[in-house]
Amino acid sequence: MAYTDYYKILGLSKTASEEDIKKAYRKLARKLHPDLNPNDKEAHKKFQQINEANEVLSDPEKRKKYDQFGEQYGENWEKAEEFEKARQSGAQSGRRRQGQSANPFADFGGGEDFGEGQYSDFFEQMFGSGARGSGSRNTKFRGQDYQTELHLSLRDAAKTHSQTLTVDEKNIRITIPGGVEDGQVIRLKNHGAPGSNGGPQGDLYITFRIEPDPVFKRAGNDLYIILNLDLYTAVLGGDVMVDTLDGKIKLKVKPETQNGMKARLKSKGFPVYKHEGSFGDLFVTYNILIPQNLTAKEKELFTELSKMR
Amino acid sequence: MSEEIIPVETFCSYYHVEQTFVESLESYGLISISYKENQRFILKEELTELEKFSRMYYELDINIPGIDALKHLLEKIKELQQETETLRARLRIYE
């Protein structure tokens with residue numbers, strides 16, 4: 001039931017003329033239009049708001065109704081007249097209850113749905129409203145393209161899976177192929193805003209954002225991991241377990257492995273996008289840990305070792 | 001091949017825009033028009049840009065020189081965004 005102040009959205013006073021409204025809308029539209037603000041969700045949202053404000057205030061009839069009922073009925077102002085009529089007829093037939101609810105629509109038990117979605121048609125008319133309002137031209141435009149981001153963990157990005165996105169209250173199920181990259185964009189045709197005056201629907205562009213992983217770093221299709229190695233295995237060699245995307249595998253450490261040395265595990269990296277069965281490599285960087293809190297015996301042995309070099 | 005091009009007249013009549021508008025865009029180098037047997041065509045791959053320019057011109061009252069300037073700025077923004085993403089990805093390796 002929140003009241004949306006369309007005048008405030010357009011930066012106008014309530015006495016603004018039709019010309020003032022037109023000018024204010026044009027000015028803001030030039031600043032916030034999605035074509036001029038790619039990937040800017042905030043601008044996109046504000047653009048929808050100014051469109052909605054313009055849709056109402058540029059139509060004398062709607063504006064009159066909004067001025068009359070807007071503050072009292074909040075987002076349901078368009079239905080206020082119906083409500084007023086129903087209330088009057090209710091009063092005449094003696095059915096009117098004592099005391100009004102804070103919600104003026106509380107009296108409509110099981111009636112029309114006055115909930116959210118009142119303005120869905122505004123968005124549909126994003127580009128058509130001006131043309132219709134002024135009656136000057138009947139330009140047929142393709143609907144605006146939508147841009148959205150989809151955040152995935154690195155491990156989710158590594159496997160082909162389905163996800164459901166909600167765009168404009170519609171659920172869209174998409175299959176994400178394993179191997180998508182951070183910043184990669186896919187286009188879903190005809191999932192953008194509806195066209196105006198019979199124009200075709202826009203497209204939906206999804207930008208993937210891959211969240212950093214605490215274990216693996218990714219560079220292209222290769223993965224990098226740091227493996228802590230105890231001094232004795234580094235010096236003498238041995239087997240250690242190392243994490244991969246498919247779980248742990250055994251890695252043979254060569255004797256006399258130096259700190260910072262890398263081992264390459266072929267095809268244990270990230271899947272190659274849309275190349276089933278192809279994978280990048282996994283690079284393991286050794287981080288050798290020096291023993292701490294040595295016992296007297298250990299110190300003695302290390303001293304003895306040092307004297308041998 | 002015929003699917004890849006759209007006659008200028010067809011575009012203008014479908015979108016209700018003047019042919020002079022499309023011609024002006026071409027003269028500013030914003031789109032290219034191909035000529036075949038005395039008919040002018042728009043490349044299908046340029047359709048999205050052409051629609052965008054139409055919205056700028058008719059809905060936002062931006063003139064052709066303004067569209068030209070915006071096109072360059074938007075390309076610059078896109079390049080910078082891509083560069084930022086690449087640098088961010090590289091940085092993550094060292095984090």
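This passage describes a three-stranded sheet and an enclosed cavity in a predicted model.

The sheet belongs to chain A and is open, with its three strands arranged in the order S1-S5-S4. Pairing within the sheet is mixed. At its edges lie strand S1, spanning residues 146–153 of chain A, and strand S4, spanning residues 185–188 of chain A, and each of these pairs on one side only. Neighbouring strands of the sheet are turned against each other by 30° on average, with direction ignored.

A closer look at one pairing helps to fill in the picture. Strand S5 of chain A covers residues 204–211 and runs antiparallel to S4(A), to which it is joined by four bridges. One residue pair may be picked out by name: Arg187(A) has Tyr205(A) in S5(A) as its bridge partner.

We turn next to the enclosed space. Searching the whole structure for cavities of 30 Å³ or more yields one. The largest cavity holds about 60 Å³ of space. Its lining is made up of Asn39(A), Lys41(A), Gln147(A), Thr148(A), Glu149(A) and Thr207(A). S1(A), an edge strand of the sheet, gives the most to this lining, with three residues. Thr207(A), also in the lining, falls within the 204–211 range of S5(A).

The character of the lining is readily summarised by residue class. Four of the lining residues of the largest cavity are polar and two are charged, while no nonpolar residue takes part.

Methods: Residues numbered from 1 in each chain as written. Chains lettered and ligands numbered in written order. Predicted model: local features only at pLDDT ≥ 70, side-chain atom pairs only at ≥ 80, totals over all residues. Heavy atoms only, no water. Pairing = 2+ DSSP bridges. Helix = DSSP H or I, 4+ residues; strand = E, 2+ residues; numbered from the N terminus. Axes fitted to C-alpha atoms, helices over the stretch in contact; angles between N-to-C directions. 1 Å grid on protein atoms, 1.4 Å probe; cavity = no way out; pocket = protein on both sides within 12 Å on 5 of 7 lines; lining within 4 Å. Points joined across faces, edges and corners; volume = space filled by probe spheres on them. Nonpolar A, V, L, I, M, F, W, Y, C, P; charged D, E, K, R; others polar.
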